[in-house]
There are 2 protein chains.
Amino acid sequence: MAEQKEEVFYGTVLIKAKEIMDFILESRVSPTLKEISENVDMTKSTVLKILKTLEHCGYVRRTEDAKQYYLGTMFLAYAQKVNHTFDIRQITMPHLATLVSEIEETVNLGIVENQQITLLDKIESNSTVYLVARVGGQMHMYSSSMGKAILAEYSDDEISRYVSATSFEKLTPNTMTDISSLIEDVGKVKKRGYAFDNEENQPDIFCVGFSLCKNNHIYGAFSVSMPKYRASEEKIANIIEEGKKIQAKILSEL
Amino acid sequence: MAEQKEEVFYGTVLIKAKEIMDFILESRVSPTLKEISENVDMTKSTVLKILKTLEHCGYVRRTEDAKQYYLGTMFLAYAQKVNHTFDIRQITMPHLATLVSEIEETVNLGIVENQQITLLDKIESNSTVYLVARVGGQMHMYSSSMGKAILAEYSDDEISRYVSATSFEKLTPNTMTDISSLIEDVGKVKKRGYAFDNEENQPDIFCVGFSLCKNNHIYGAFSVSMPKYRASEEKIANIIEEGKKIQAKILSEL
DNA sequence: CGTTTTTTTGCAATTTACGCAACGTTCTAG
DNA sequence: CTAGAACGTTGCGTAAATTGCAAAAAAACG
């Protein structure tokens, strides 16, 4: 009987603080103490005390009337460091920029993190209105073109470890939630060298994904995303051609 | 006897976590557990447990060999939200970009945070090699052109509150550490409408700062910074002229 | 292969934090 | 203008999390 292996973590305060900051992150408008405490399921006093500490740390700020909370600028410094640490970004983004100008669709850069794809950066083309994901956001490997491109770089062992550790969720009618069709698709990607996301992650969004791997090291992946109606056969062919070129150029610099 | 009013904060774990993350931030290379524990003055076991929680939260990651720690991509999401919250940035940056192209020197955008100037963003000109400050970094109000530009918007009351709450540090030979000369300088700024930093914050760096205030609300400030040797009289005159124009344009949109 | 260095685990004392309830303050309505 | 409600803040006792020690495990080194 596979009991849900409930890992124990220290720092309950930290996790609570994260919940609070994540709630502020998700809120469309800066929330009040009451709103936060209701949504993260803690008493107002607890939330207030954590918020005070967070404020002292520079992680949250409050509006002049001290009613609403929003995220602090300390994160700008952290994020800059992150961007510097992940220098894949510096190497890849210039190339991806040329790719955008060539094909006039949004290009995304992602890395693998905790069995998921984290969107490191993206360049939107002029014609884009569709929001695929926010920078810093995450998506599943099994439902995204970048994820499947990377899965195709895994050994059979790694793939089976991934699928057994993952619970599949049907995000759209097209999402592959059964292991066999996912493995079949990944097999195709291995032969082709690129992956598709045919409205599997988000309705109406079609993506072509390319991995960025060299010397058995997975640096990340990039993808081109567009609304389904613009994904004509000739366009896809063009994207594959240009994408492969860019992929080769990036790999030569990694 | 003015006893150091030691404010009590809850969430000691949070503050310790911040110390750890800040140490990682400051480190040139990703530090190991040992290095962290030595520098933040906590036992290794404590640091390890906090790091595990931080890792779980997505705030830190470790290298493949699990030895070195670095900041996680979660901060990219937070930072993006911060940038969105501070929409001054979106309004000002286009104008500051034109300013950069006109005068060919680095332009900085800052906001007031906790009696200090936080650098929100900057645009470096081609000719720049000098590093004034990193985005997300902070500088004193008394030693920076942006700070003094904002001090000039304060009432006499607010200024005296600021100086009494501040301990002045001589960062360079030119730093104004006595209250009288600072107040005198701020008085000049009030009349002129712009502030100078004549190597007061960093040797060899000269800045001209402009405040961004409207309806008694302080949105922030911007400055032009350059190496001292390029700060000729005619150049300064040009910066003042163009800076004032840009300041007016930005204010009309705030 | 033994020795040293570093990372990880378990544990019990101590410290810290949680939420209750009461208080202050601000907003709302009659 | 006053009463009442709603929200934010504070203090405190108990309950729970955290700390650092010491010891084990793992890795690095010669």
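In the predicted model, a polar side-chain atom of S45(A) lies 2.9 Å from a base nitrogen of DNA strand C, a polar contact being a pair of N or O atoms within 3.5 Å, with the further condition within protein that one must be able to donate a hydrogen and the other to accept it, and that residues adjacent in sequence count only if both atoms are side-chain atoms. An N or O atom in the side chain of K49(A) is 2.5 Å from a base oxygen of DNA strand C, whereas the side chain of T46(A) places such an atom 2.8 Å from a phosphate oxygen of that strand. The model is a predicted one, in which local features need pLDDT of at least 70 and side-chain atom pairs count only at pLDDT 80 or more, while totals for chains, interfaces and linings use all residues. Residues are numbered from 1 along each chain as its sequence is written, chains are lettered from A and ligands numbered from 1 in the order in which they are written, and side-chain values use heavy atoms, with hydrogens and water left out.

Around DNA strand C there are 19 residues, of which K49(A), G11(B), T12(B), K44(B) and K52(B) come nearest; a residue is near a strand if one of its heavy atoms lies within 4 Å of it. Sugar and phosphate account for 69% of the atoms of DNA strand C that come within 4 Å of the protein. At least two residues of this surface are supplied by each of α3 of chain A and α2 (33-40) and α3 of chain B, and α3(B) gives the most, with five residues. Here helices (H or I, at least four residues) and strands (E, at least two) are DSSP runs, numbered from the N terminus.

DNA strand D is likewise surrounded by 19 residues, the closest being G11(A), K34(A), K52(A), K49(B) and K67(B). Of its atoms within 4 Å of the protein, 72% belong to sugar or phosphate and the rest to bases. A polar side-chain atom of K34(A) lies 2.9 Å from a phosphate oxygen of DNA strand D, and one of K16(B) lies 3.4 Å from a phosphate oxygen of DNA strand D, whereas for K49(B) the partner is a base oxygen, at 2.7 Å. The largest contribution to the surface near DNA strand D, five residues, is that of α3(A).

Between the protein chains, 49 residues of chain A are in contact with 49 residues of chain B, contact meaning heavy atoms within 4.5 Å. The buried area, which is the accessible area (1.4 Å probe) that two parts lose on being put together, summed over both, is about 4500 Å² for chain A and chain B, and carbon and sulfur atoms give 70% of it. In chain A, the residues that lose the most area to chain B are L14(A), L76(A) and Y78(A), together 15% of what that side buries. Two salt bridges are counted between chain A and chain B, each defined by a side-chain nitrogen of Lys or Arg within 4 Å of a carboxyl oxygen of Asp or Glu. E113(B) and R61(A) form a salt bridge in which the closest N and O atoms are 3.6 Å apart.

Chain A is superposed on chain B by a rotation of 180 degrees with 0.0 Å of shift along its axis (RMSD 0.1 Å), the fit being made by least squares on the C-alpha atoms of residues with pLDDT of at least 70 in both. The two copies are thus related as by a two-fold rotation axis. Since 100% of the interface residues of chain A are also interface residues in chain B, the copies meet through the same surface.
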